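Got your viewer open? Here is a short walk through some rings, one selection at a time.

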Amino acid sequence: MPNLRDLRVDLKGFTPAEEQFLREHPAGEVVILGDGSRPKKASPEREIRAAFIRHFMLGGCPALPCHEKGVQIEGAWIPDALDLEGCDAPRDLSIHKSHLVERPNLRTAHLRGLYL
C-alpha cells in the first residue's frame, strides 16, 4: 500500500479542497467544501480528484487511513471519472451536493454504502 508521500507524488500535490479533506477527514465528519452547496463551476477550493477519493475508499495509507465512516464530502467539484470498478471498499462513499463532471464507474464494485 502506498504511503502518504507516494500519494502526493502520484497526484502532483493537493488542491486546497483535498488539503481541507486531509485536515478534517480524521474526525469522521462530513467534509463541507465552500458553503456546502452544489458548485456551478470548478474552483481549487472545491476540486477533489477521483484518484484522491479512490485512494481513501481503498483504505488510505498507514500515515492517514480512511476513517471507519468512509469518505463523506459535500459541495465538491470532481473533474474526472471515479473508477472503482471491481474494487472491494469496506467503507461508505457519500458525495452530496457535488458535481461529478464524468460518470463514475462502479461496475462490480463492493461498497459498504453508496450515497450520491
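**A tour of the aromatic cluster**

Start by selecting Phe14, which is buried at a relative accessible area of 12%, under the 20% cut-off for that label. Keep in mind that you are looking at a predicted model.

Now add Phe52 to the selection. Its relative accessibility is 1%, so Phe52 counts as buried too. How many aromatic pairs does a search of the whole structure find? Four, and you have one of them on screen: the ring centres of Phe14 and Phe52 sit 5.9 Å apart with the planes at 80 degrees, so this is an edge-to-face pair. Zoom out a little and colour by sequence position. Phe14 is in the loop between helix H1 (4-11) and helix H2 (16-24), while Phe52 belongs to helix H3 (residues 50-57), so the pair links distant parts of the chain, 38 residues apart.

Next stop: Phe21 and Phe56. Stacked or edge-to-face? The planes are at 70 degrees and the centres 5.1 Å apart, so call it edge-to-face; the angle cut-off for that label is over 60 degrees. Phe21 lies in helix H2 and Phe56 in helix H3, so this pair ties together parts 35 residues apart in sequence.

Switch on a surface and check how accessible these two are. Phe21 has a relative accessible area of 1% and is buried. Phe56 comes in at 0%, so Phe56 counts as buried as well.

For the last view, select Phe14, Phe21, Phe52 and Phe56 together: they form one aromatic cluster.

Conventions:
Residues are numbered from 1 along each chain as its sequence is written. This is a predicted model: local features need pLDDT of at least 70, side-chain atom pairs count only at pLDDT 80 or more; totals for chains, interfaces and linings use all residues. Side-chain values use heavy atoms; hydrogens and water are left out. Rings of Phe, Tyr and Trp (its six-membered ring) pair if their centres lie within 6.5 Å; planes under 30 degrees apart count as stacked, over 60 as edge-to-face and the rest as tilted. Helices (H or I, at least four residues) and strands (E, at least two) are DSSP runs, numbered from the N terminus. Buried means under 20% relative accessible area, exposed over 50%, partly exposed in between (1.4 Å probe, protein chains only).
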